[in-house]
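These notebook entries record what I looked up in the structure shown below. They are arranged by topic rather than by chain order.

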Amino acid sequence: MNILFILLFGDIMIVKDWCSYCGECAGICPKNIIEVKEYSLVFDEKECSRCEICVKACPLNALEME
Amino acid sequence: MIETDVLVIGAGPAGSSAAKHAAKGGAKVILIDKKSEIGSPKRCAEGISNNGLENLGITPNPKYIAKKIDGCRLVSPSGTDVWLTTEEIELPETGYTLERKVFDKFMAMDAAREGAEIKIKTLAKSLKKEGDSVILTCEHMGESFEIKAKIIIAADGPESHVSRWAGLKNVTKAKNMESGIQFEMCGVEFERENIIEFYFGSCAPGGYAWIFPKDDDIANVGLAVIAEDTDKSAYEHLKEFVANCPATQNAQAVELNVGGDPVGGLVKDLYGDNILVCGDAAGQVNPLTGGGIISGMNGGMYAGQVAARSIEEGDYSSKFLKEYEEIVDKELGKEMHKYLKVKEYALSLPDDELDSIADAFQDMDFEKISTTEIVKNLVKVSPKALLKLGKLI
């Protein structure tokens, strides 16, 4: 199941190490599935619709979609 | 399970203001923030207008005032500038730049002194309704726990998770979210002291660039763009701006700040059963300037006061909490609507029109520094502006 999950949904989002955890991506995510911890971003990737709005809005170009 | 009357999520200025006023009104209040240090990192240019704090009943403390501001300078794409300072205007509206890392903590301390309990490094994870209460699941140092509250006040900033968890229809569209970026720099060479500077046009598509002084040669130098209006990242725009602006040619960055700024006006749903929304999460930001410290704190104060009354009355329904929306619409909504119109017009102008307005402004007399005054003069020099904005003044 885990392998299937990773194959289907795994690592859609790549967070670069220069991310500053400002949360702008979370604010415009239409699905509200980006959790911003103090020093990490967590995506609920199975809910991600791949709209890439977050990728475009990042002030630092710190997000990439596989 | 921890139980409380009012649970405030987010200890920025809006959340702390909400917590302070809810506690002052007699409610048992918990204020949570996900960060280890309230106020840090800053995501803000730190400017506020004069009297903003005083009107909230706060005496400004020199420990968080970085610099007193005496006026502003508006710079067009070609470099033509309009000075609105004590030299041009008899009684300019002054302001301050803040040290947000100190200011935010002081505001949270004010809330604590009114009786609010503060939990730092506490992340909101999810929300559910239970009877006449709501339960927020939180995480602190890897440990999960729940807080049951009669009312939650969502002050969780531009991320605005909480109101959406509660089912409120508050989505910030990409076209309304400014991507802000800023260096704090030293070695900034100001033409005149104590002046905040605004740069308009293609240096910052969808927004503007700013230099807000914090000391003799120290300033917040930043800009905000709308991502869909440009192919470059906000950071690339900032590097270009700093390289081209005469004031920052020899300046060095000591800090980088980033963050989103919701500039689309108030969100659709400011309240619901057991919930009020304030601050950036509620879009309580001047859509033209992107400034939101004072408006967010006012929003927080109204939310805290309504929450306290709701606790006192034992009625946490959306019907009771609607009062909050009425107050916000009256006190903030009308002004924000006006600024939204001015912004839409200002952003429609190409560089050459901004230049000709700046040229025409050279011969204008400004009686005071305010957005309304600028718009008043704008419609005098531009028939197009008169057509679009005439009604507003």
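**Entry: helix α3 of chain B**

I began with helix α3 of chain B, residues 100-113, in a model that is predicted. α3(B) has 14 residues and reaches 19 Å from its first C-alpha to its last. That span is close to the 20 Å expected at 1.5 Å a residue.

I then looked up which residues of α3(B) are buried, and found Arg100(B), Phe103(B), Asp104(B), Met107(B), Ala108(B) and Ala111(B). Seen down the helix axis, these buried residues fall within an arc of 130°, so they line one face of α3(B). I noted the elements against which they pack: α1 (13-24), β2 (29-32), β7 (95-98) and β8 (117-119) of chain B. After α3(B) comes Gly115(B), and its phi is positive, near 115°.

**Entry: helix α8 of chain B**

I put the same query to helix α8 of chain B, residues 351-361. Its buried residues are Leu354(B), Ile357(B), Ala358(B) and Phe361(B). They cover an arc of only 100° around the axis, which puts them on the same side of α8(B). The buried residues of α8(B) pack against β6 and α9 (371-381) of chain B.

**Entry: strands β5, β6 and β13 of chain B**

Since β6(B) is one of the elements against which α8(B) packs, I turned to its strand pairing. β6(B), residues 81-84, pairs with β5(B) in the antiparallel sense over four bridges. For Leu74(B), I found Val82(B) as the bridge partner in β6(B). Five residues lie between the strands of this hairpin, and Gly79(B) takes a positive phi near 100° there.

I next asked in which sense β5(B) runs with β13(B), parallel or antiparallel. β5(B) (residues 71-75) and β13(B) (residues 195-199) run parallel, and five bridges join them. Val75(B) stands opposite Tyr199(B) in β13(B).

**Entry: strand β12 of chain B and its partners**

How many of the ten residues of β12(B) are buried? I found nine, and recorded the strand, residues 177-186, as mostly covered.

I looked up two pairings of β12(B). With β16(B), residues 252-262, it pairs in the antiparallel sense over ten bridges. In that pairing, Glu184(B) stands opposite Glu255(B) of β16(B). With β15(B), residues 219-226, β12(B) also runs antiparallel, joined by eight bridges. Here the bridge partner of Gly180(B) is Ala224(B).

**Entry: Gly259(B)**

I examined one residue of β16(B), namely Gly259(B). It is buried, because 26 other C-beta atoms lie within 10 Å, against a cut-off of 20 or more. I noted that the C-alpha atoms of Gly259(B) and Cys44(B) are separated by 7.9 Å, although the two residues are 215 residues apart along the chain.

Which residues does Gly259(B) touch, not counting those up to four places away in sequence? In chain B, I found Arg43(B), Pro158(B) and Gly180(B); in chain A, Cys22(A) and Glu24(A).

**Entry: the contact between chains A and B**

The contacts of Gly259(B) with Cys22(A) and Glu24(A) led me to the interface of the two chains. I found 27 residues of chain B in contact with 18 residues of chain A. On the chain B side, α4 (161-165), β12, α5 (234-244) and β16 each supply at least two residues. By class, that side has eleven nonpolar, ten polar and six charged residues.

**Entry: chain A**

I recorded three helices and four strands for chain A. Along the sequence they follow the pattern α-β-α-β-β-α-β. Of the 66 residues of chain A, 30% count as buried. I also looked up the contacts in chain A with a separation of 6 or more, and found that residues 24 or more positions apart account for 57% of them.

**Entry: domains of chain B**

I closed with the domain assignment of chain B. It gives domain 1 (2-44 + 101-172 + 264-335), domain 2 (71-92 + 174-262) and domain 3 (345-392). The centres of domain 1 and domain 2 of chain B, taken over C-alpha atoms, are separated by 30 Å. Their contact takes ten residues from domain 1 of chain B and ten residues from domain 2 of chain B. The side of domain 1 that touches domain 2 has three nonpolar, four polar and three charged residues.

How values were computed: Residues numbered from 1 in each chain as written. Chains lettered and ligands numbered in written order. Predicted model: local features only at pLDDT ≥ 70, side-chain atom pairs only at ≥ 80, totals over all residues. Buried ≥ 20, exposed ≤ 12 C-beta atoms within 10 Å, placed from the backbone. Pairing = 2+ DSSP bridges. Domains from an automatic or database assignment. Contact = placed C-beta atoms within 7 Å. Nonpolar A, V, L, I, M, F, W, Y, C, P; charged D, E, K, R; others polar. Expected span 1.5 Å × (residues − 1). Arc of directions from axis to C-beta.
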